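Got a protein model open and not sure where to start? Let's walk through it with some questions and answers.

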Amino acid sequence: MTLSEPMTDVQAAITALWQPEALPNPYPAYERVRALGTGGALHVVHPEWQGTFITGHAPCSSVLRSPSAMSGSGMPPEDAPASEGVQLLRSMMLFHNGMSHQRLRGLVSAAFTPRVVEEQRDLVRSLLSGLLDNLAARGGGDIVSGLSNPLPARVIMGMLGLHGDDEARFVRWSQSVADMLAGAENSPELMARIDADAREMRTFFKDLADELRARPQPGLLSALAAVQDGGERLSGDELLSNAVLLLTAGHETTSNLIPGGLLELSRQPQAWAALVATPRDPNVADELLRVVSPVQFDGRGLAAETTVGGVILPAGSFAQLMLGAANRDPDVFPDPNRIDWERPNSARHLAFAAGPHYCLGASLARLEISETFAALATRFPDLRVTDTDPPFKPNPVLRGVRRLNVALA
Ligand code: HEM
């Protein structure tokens, strides 16, 4: 594809995506990129870099499912020296492809079955009840510290078999991994903190895995420590990295969706009223995932020339998949900014990506989201968001607020 727009317009549109000012509402910046592209894709050539910014639902979906799309293409090879943080990421299934990915995913999913997930419903309900009682006793307060941080952290910790005393430490680790996934290598101070956390994680999980192999206990970690793959266990590094992946992926995304969903609903009072009328509408989780998109960007290196929507993406280039933009593609979701519980195709969203890396925790996330919003709408029909312009964490990839105050009476 040749660019019909002057490079400066394209560069300005791309630069705007990463500006802190875009965090509270990145969607106008996405629309600028969409308008400059063709067939939902905008191919950009820099002097040292070429890549394609994909806003369209169909091309995003097609790249995510393509066999030539490689995850973790920017990761240094296994034998190359790397920081503690990068070493931790390297063995996560998220950054593996082909057989190596299938093996890691197969081993973890063997311990993460639909039955195990469904068994979390009672735990989720009882955690919600306690957390909402505390918020109610104060007439409201910060939803992030009072609900959306502790709930998913306690659920995934419970599933892994980790103790509640370590909650604050796990939440900090999860934040470090999220910062690293968003490209923290540009900040030396942040990388130093992440490396220190990675060292702590390594020691913690190594000791724990040894203990669990010797004395198995209930929980996913014990199942993972014991798991056999044709006689071959997950190696120590693989166990560490994938336990950390579950801890982070199971926490950071859901904890951003809850306040993100409430903020969107506060701006669409008719959708909140409809939720109060039918709190168990089966479409709630998917429509909120579509509108909030806690993972706004995903990336793939292209191992071969790939054609999407009539646009040729060269081999060796990088595809930046703008999941937040694809989930508001007007060709697939008419009136895309509106929360519509009746939308017939909400579940076609790409909030969980698609293809081989489709979110392993999607059913757990749907369970947590639907239970949370049903409980909020049932117990607090008059809930009001009092933070109309809340502060955002400086992470455009895993986008979410730092704080969101609500009044419950
Ligand atoms: C709102 C909640 C969630 C969202 C939006 C979300 C989103 C995603 C996305 C977009 C990916 C694909 C990343 C890529 O293609 O590079 C992914 C992968 C993954 N997610 Fe989730 N996730 C959520 C919750 C969870 C939960 C609760 C867990 C587990 C406890 C989980 C575990 C995973 C794992 C293990 C992967 C890696 C799968 C693989 O590489 O094969 N996620 N998630």
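**One helix, two faces**

In H7, the residues Val124, Leu127, Leu131, Leu132 and Leu135 are buried. Keep in mind that the model is predicted.

Q: Do the buried residues of H7 line one face of the helix or opposite faces, and within what arc do they fall?
A: Start with the buried set, which includes Val124, Leu127 and Leu135. An α-helix has 3.6 residues a turn, so residues three or four places apart point the same way. Looking down the axis of H7, you find its buried residues on one face, because they fall within an arc of 125°.

Q: Which residues are exposed on the other side of H7?
A: We've already got the buried side, with Leu131 and Leu132 among its residues. Flip to the other side of H7 and the exposed residues are Asp122, Ser126, Ser129, Gly130, Asp133 and Ala137.

Q: What covers the buried residues of H7?
A: Those buried residues line one face of the helix, so that's the face to look at. The cover there includes S4, helix H8 (143-148), helix H9 (150-160) and H17.

Q: How far does H7 reach from its first C-alpha to its last?
A: H7 runs over residues 120-137, which is 18 residues. At 1.5 Å a residue, 26 Å is expected. The model comes close to that, with a reach of 26 Å.

**Another helix to compare**

Q: What arc do the buried residues of H14 cover around the axis?
A: In helix H14 (residues 269-277), the buried ones are Ala271, Trp272 and Leu275. They sit on the same side of H14, because around the axis they cover an arc of only 100°.

Q: What do the buried residues of H14 pack against?
A: On the other side of H14, Pro269, Gln270, Ala273 and Ala277 are exposed, so to speak the wrong side for this one. The buried residues of H14 pack against H13, helix H15 (284-292) and H17.

**Strands side by side**

Q: Which strands stand at the edges of the open sheet S4-S10-S9?
A: The three strands come in the order S4-S10-S9, with antiparallel pairing. A strand with a single partner has one side left without a neighbour in the sheet, so the edges go to strand S4 (140-142) and strand S9 (384-385).

Q: Which residue in S10 is the bridge partner of glycine 141?
A: S4 pairs with strand S10 (residues 405-407) over three bridges, in the antiparallel sense. In S10, the partner of glycine 141 is valine 406.

Q: Does S2 run parallel or antiparallel to strand S8?
A: S2 also pairs with strand S1 (residues 41-45), over five bridges in the antiparallel sense. With strand S8 (residues 318-321), S2 is joined by four bridges, and one bridge pair is phenylalanine 53 with glutamine 320. The two strands S2 and S8 run parallel.

**Around the ligand**

Q: Which element gives the largest share of the shell around the ligand?
A: The ligand is surrounded by 24 residues, and the closest are Ala249, Gly250, Thr253, Cys359 and Gly361. The elements giving two or more residues to this shell are helix H13 (236-266) and helix H17 (362-379). The largest share is seven residues, and it comes from H13.

Q: How many residues of the shell around the ligand are nonpolar?
A: Sort the shell by class and you get six polar and two charged residues. The nonpolar count is 16.

Technical notes: Residues numbered from 1 in each chain as written. Predicted model: local features only at pLDDT ≥ 70, side-chain atom pairs only at ≥ 80, totals over all residues. Pairing = 2+ DSSP bridges. Near = placed C-beta within 6 Å. Nonpolar A, V, L, I, M, F, W, Y, C, P; charged D, E, K, R; others polar. Expected span 1.5 Å × (residues − 1). Buried ≥ 20, exposed ≤ 12 C-beta atoms within 10 Å, placed from the backbone. Arc of directions from axis to C-beta. Contact = placed C-beta atoms within 7 Å.
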